[in-house]
Amino acid sequence: MSAEAVGAGMPTHVTLDDLARMAATDENHRYELSPEGVLSVTPPADREHARLVSRIYAWFLANGYDPDDVLPDCGIDVGGGRVPDLTVWANDLPSQPGRASYDSPVGLLLAVEVVSRSSEIIDRVIKKAEYAKAGIPRYWFVERDSANTVHRHVLNAETGEYEPVPGDPQPLAWLLTTVPDVR
């Protein structure tokens with residue numbers, strides 16, 4: 001399909017409903033929408049990216065987190081539609097519908113992103129600011145360097161911005177030897 005064909009069918013303003021329809025009809029890409037209306041279309045995760053998400057997911061489960069509360073690729077409404085690589089939710093709160101098929105961030109304790117070459121600025125800067133503005137208490141991003149460096153951040157309630165966890169960043173191998181504490 002040509003760029004002209006795609007562009008000709010694109011709505012002038014993309015909504016979360018439009019985004020949900022695009023994602024439902026295309027399993028080969030991830031669709032996200034910034035609060036300002038910027039549409040991002042990315043290819044599916046490569047094997048290394050998926051492996052890192054899987055290791056973190058397994059670490060949570062091995063440490064007693066319920067699989068109903070640790071979810072990969074769950075869409076959240078942050079004023080736009082974002083799909084973190086992994087989310088951890090409060091286990092005592094029911095799902096809070098957001099707009100379209102994107103959940104409200106109410107009860108979301110942690111959003112995790114694995115940085116991809118195509119989304120470095122989005123993962124390190126833009127999503128960090130969007131997740132803070134949405135009030136998500138913790139945000140981690142994992143670099144794809146030789147140590148798979150994990151940058152953990154906690155929301156400062158007074159400033160509304162994330163602050164690094166003291167002692168961070170740390171390699172993923174170190175993190176996976178600790179006990180997660182995001183509840």
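## Exercises on helix α2, strand β7 and the loops

The buried residues of helix α2 pack against β1 (30-33), β2 (39-42), β4 (76-77) and β5 (81-82), where a contact means heavy atoms within 4.5 Å. Helices (H or I, at least four residues) and strands (E, at least two) are DSSP runs, numbered from the N terminus. This is a predicted model, in which local features need pLDDT of at least 70 and side-chain atom pairs count only at pLDDT 80 or more, while totals for chains, interfaces and linings use all residues. Residues are numbered from 1 along each chain as its sequence is written, and side-chain values use heavy atoms, with hydrogens and water left out.

**Exercise 1.** Find which residues of helix α2 are buried.

*Solution.* Begin with the cut-offs: buried means under 20% relative accessible area, exposed over 50%, and partly exposed in between, with a 1.4 Å probe and protein chains only. Then go through α2, which spans residues 16-25, and the buried residues turn out to be Leu16, Asp18, Leu19, Ala20 and Met22.

**Exercise 2.** Compare the radius of gyration of the protein with that of a compact globule, and state how much of the protein is buried.

*Solution.* The radius is taken over C-alpha atoms, and the globule rule is 2.2 Å times the number of residues to the power 0.38. For 183 residues the rule gives a value near 16 Å, and the protein, at 16 Å, agrees with it. The C-alpha atoms fill a box of roughly 50 × 35 × 30 Å along the principal axes. Within this protein of 5 helices and 11 strands, 43% of the 183 residues count as buried.

**Exercise 3.** Describe the surroundings of strand β7, and name its partners in pairing.

*Solution.* First consider burial: 7 of the 7 residues of β7 (residues 108-114) are buried, so this strand is largely enclosed by the rest of the structure. Next look for pairing, which requires that DSSP finds at least two bridges between two strands. Strand β6 (residues 86-89) runs antiparallel to β7 and is joined to it by 4 bridges, with Thr87 standing opposite Ala111 of β7. Strand β8 (residues 138-142) pairs with β7 in the parallel sense over 5 bridges, and here Val112 has Trp140 of β8 as its bridge partner.

**Exercise 4.** Locate Asp73 and Asn148, and decide for each whether it is buried, partly exposed or exposed.

*Solution.* Asp73 is found in the loop between β3 (70-72) and β4, where its phi is near 55°, a positive value in a residue other than glycine. With a relative accessible area of 46%, Asp73 is partly exposed. Asn148 lies in the loop between β8 and β9 (149-156), and its phi, near 50°, is again positive in a residue other than glycine. Asn148 has a relative accessible area of 10%, and is therefore buried.

**Exercise 5.** Follow the chain from β9 through β10 to β11, and note the backbone features along the way.

*Solution.* Strands β9 and β10 run antiparallel and are joined by 4 bridges, one pair being Asn156 with its partner Glu161 in β10. Their hairpin has 4 residues between the strands, and Gly160 takes a positive phi near 75° in this hairpin. Beyond β10 (161-164), the loop leading to β11 (170-171) holds Pro169, and the peptide bond from Asp168 to Pro169 is cis, with omega near 5°.
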